[in-house]
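Work through the exercises below with the model open beside you. Try each task before reading its solution.

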Amino acid sequence: MADSDLQDQQTQGRGSRWAAALRRAVPWLLVVLLIGSLGTLLYTASNASRDHARALAEQQRSFEIIALARGFEARIARAEVTLARYVISLEPDTGRLFQDQWRGASSQLKTLYYATRGAGWQRGNVEALQSAFAQRGKTLSEIGLRTTYDQKMAALAKFHQAGKSQDLQRITALLDRVIQAENARLRERSLAVSRAGDRSEWIGRTWRLFGLVLLVCVLFAAWFAHVALNDRRNARRQAELEAERADRLDAAVRARTAELSDAYDQLKREAAERAAAEDNLRQMQKMDAIGQLTGGIAHDFNNMLAVVVGGLELARRKLRLKPEEASRHLDNAMEGANRAAALTRRLLAFARSEPLLPSAIDPDQLLSGMADLIDRSIGDQIIVTFERDAQGWQIFVDQHQMENAILNLCVNARDAMEGRGRLTLATGRATLAQGEIGECAPGDYVRLTVTDDGCGMAPDVLARVFEPFFTTKPVGKGTGLGLSQIFGLVRQSQGEIRIDSEPGRGSSVQLYLPRCAAQGDAQAADSLSLARAPVEHPPTRILVVEDDPRVLNQTIAALGELGHLPIACDHPAKAARLLAHNGDIGLILSDVLMPDMTGPEMVRALPAAYRHLPVLFVTGYAGDASDQADFGGHPVLRKPYTLAALAQALGATLSGSHHPATAAAAE
């Protein structure tokens, strides 16, 4: 018994030692386990957060590249729209705006290249896009240069071809390829973001599991440390509750972030679709305007050129055998050329690109002087009534253009009344307030009204009457430029035009023109009549400066026909040298728009010894030099002109009877 008891005691002693050792080891084992688990969780959480941030950054970079590509496409579209406006309007500011926009597109492309420099899958697309952009830039620069040198029709044709060129389609295709590549990459990055989120969620679950394990450990440790461990257990339980609340808040934040991200993506897609629709609409409007303008010009000019070419060909065949018939064909050709010149003047007047030759005019006297012309133009079946109530108020307008405008309104009224009815032409006085009539400034105005009792106009027709080449007349009966020309003339004279019309009740066209002060009107009228009076002058040595060889040869022949002694100069830079070698030159006849420098610039650059020579400028379109001040007070002869008009202008210039505010015109 003693031995067995001793063995039992020894066994119990060993058990107690093992239990004591276990109790001492368990806390340390728990500490090591907790530290290891905590380190593993922290390392995993750090990697997951870093991967999530990297995936989000890559996703943001894809969004930026797509936005850069869309912005580059939009800048190219705006630049091409601006170039179209420049080709049509010929305004230098618009040309410079196009250059700025094209340089902006180039800068945007460089930014796109920089943003994709580390993306090997995009390098080939962006480099090809740079090549296509450079080729497109050469094409558009050529169009701009043609427009700058007044080759408007050639520029329009070139622009029309450029709209269908392969380089524009290639740019669009390359941009789509860049965006598609980024979208594919974006899907990969979105998947990476989703995976990083899954890892974060797994870590959150692990943290919760770790909390549960920790709770068990705390409960297990309570077996070892009664009261003290009870307090610690309560503290840890409170910590768990805070951790759970933080997890819930984090989950709510992630859900809200995902909703905002989806909403942001939807807004971006809608903005891109709206921008694409607006670009398509602008392109359609641009092409419609260009097609309408070029079609109208081509139709009318081809008709007139057919008359000119056919008449000249028939005259050449009949010249020897039937000179009288040849003369008739030549008259028809001259009439076609005059109609083409009139159409050109209407186009320039509508675009407000041709300088007017204004003078002080009494509107009552103007209508009185046109009475016979109006009667012959509209026929005997229409009763014409004049109501003159301007009471001495005068207007300062181009008389020739004003007569054409009134006659145009009368012819339109005749067509609206189908050759039978009552036509009333009235003048009156009006004092307008700011904004009372259109854009008229406050002040005194002369009102000129043309009223008919014809068919009238529907609202949709009335809204388009001032559009170029819009006409309700049959094909061949009108150019559609009549009211456009009147609109340009009135606006160029600082006035306003208003039309009141209803179907079945006739139309009333009212022109409001600013009242002209009477001071200096008589002197201006005398100077104008003096400038148009024929003046004889003996043969004179004349320096002819003209860059177009055909026009130069024709001008030399015309001057020789008039008995003068012309000297040809095909470039403005040669004028000073020819003047130095020909001391008997008595007049300079110069074109206005020429390469390198204009005619007025050439005259201003001449040495002082030659600035006393009289100068006559000849032009068909003055362009940027349309201000009379740019001509230095020298007279201007418009192309095309007759021999009589050339002789009249030369005589007036040589005799010094022109006036600085007037210019000669071919009649």
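**Exercise 1: A loop residue**

Asp-596 has a relative accessibility of 67%; classify Asp-596 as buried or exposed, and describe its backbone. Keep in mind that the model is predicted.

Solution.
- Step 1. The cut-off for exposed is over 50% relative accessible area. At 67%, Asp-596 is therefore exposed.
- Step 2. Place Asp-596: the loop between E10 and helix H15 (599-605) holds this residue.
- Step 3. Check phi. For Asp-596 it is near 75°, a positive value in a residue other than glycine.
- Step 4. Put that in context. Most residues other than glycine have a negative phi.

**Exercise 2: A second positive phi**

Find where Gln-494 lies, and say whether Gln-494 is buried or exposed.

Solution.
- Step 1. Gln-494 sits in the loop that links helix H11 (482-492) and strand E6 (496-501).
- Step 2. The relative accessible area of Gln-494 is 58%, so this residue is exposed.
- Step 3. Gln-494 is not glycine, yet its phi is positive, near 65°.

**Exercise 3: The sheet**

Work out the strand order of the five-strand open sheet, and name the strands at its edges.

Solution.
- Step 1. The order reads E9-E8-E10-E11-E12, with parallel pairing.
- Step 2. Strands E9 (565-569) and E12 (636-638) each have a single partner strand, so they stand at the edges with one side lacking a neighbour in the sheet.
- Step 3. From one strand to the next, the twist averages 25°.
- Step 4. Zoom in on one pair. E10 (residues 585-591) and E11 (residues 615-619) run parallel and are joined by four bridges. Asp-591 has Val-618 in E11 as its bridge partner.
- Step 5. Add a helix. H13 packs on the sheet and touches strand E8 (541-545), E9 and E10. The direction of H13 makes about 170° with that of E9.

**Exercise 4: Two helices**

Describe how H13 (residues 549-561) and H16 (residues 643-655) cross, and which residues meet.

Solution.
- Step 1. The two axes come within 10 Å and cross at roughly 75°.
- Step 2. Angles of 65 to 115 degrees count as roughly perpendicular. H13 and H16 are therefore roughly perpendicular to each other.
- Step 3. From H13, Ala-558, Leu-559 and Glu-561 take part; H16 supplies Leu-643, Leu-646 and Leu-650.
- Step 4. Sort the contact residues of H13 with H16: five nonpolar, no polar and one charged.

**Exercise 5: Cysteines**

How many disulfides does the structure hold? Classify Cys-410 and Cys-516 too.

Solution.
- Step 1. The count of disulfides is zero.
- Step 2. Buried means under 20% relative accessible area. Cys-410, at 0%, is therefore buried.
- Step 3. Cys-516, at 15%, is buried as well.

How values were computed
Residues numbered from 1 in each chain as written. Predicted model: local features only at pLDDT ≥ 70, side-chain atom pairs only at ≥ 80, totals over all residues. Heavy atoms only, no water. Axes fitted to C-alpha atoms, helices over the stretch in contact; angles between N-to-C directions. Parallel < 35°, antiparallel > 145°, perpendicular 65-115°, else oblique. Contact = heavy atoms within 4.5 Å. Nonpolar A, V, L, I, M, F, W, Y, C, P; charged D, E, K, R; others polar. Disulfide = S-S within 2.5 Å. Buried < 20%, exposed > 50% of the residue type's maximum accessible area, 1.4 Å probe, protein only. Pairing = 2+ DSSP bridges.
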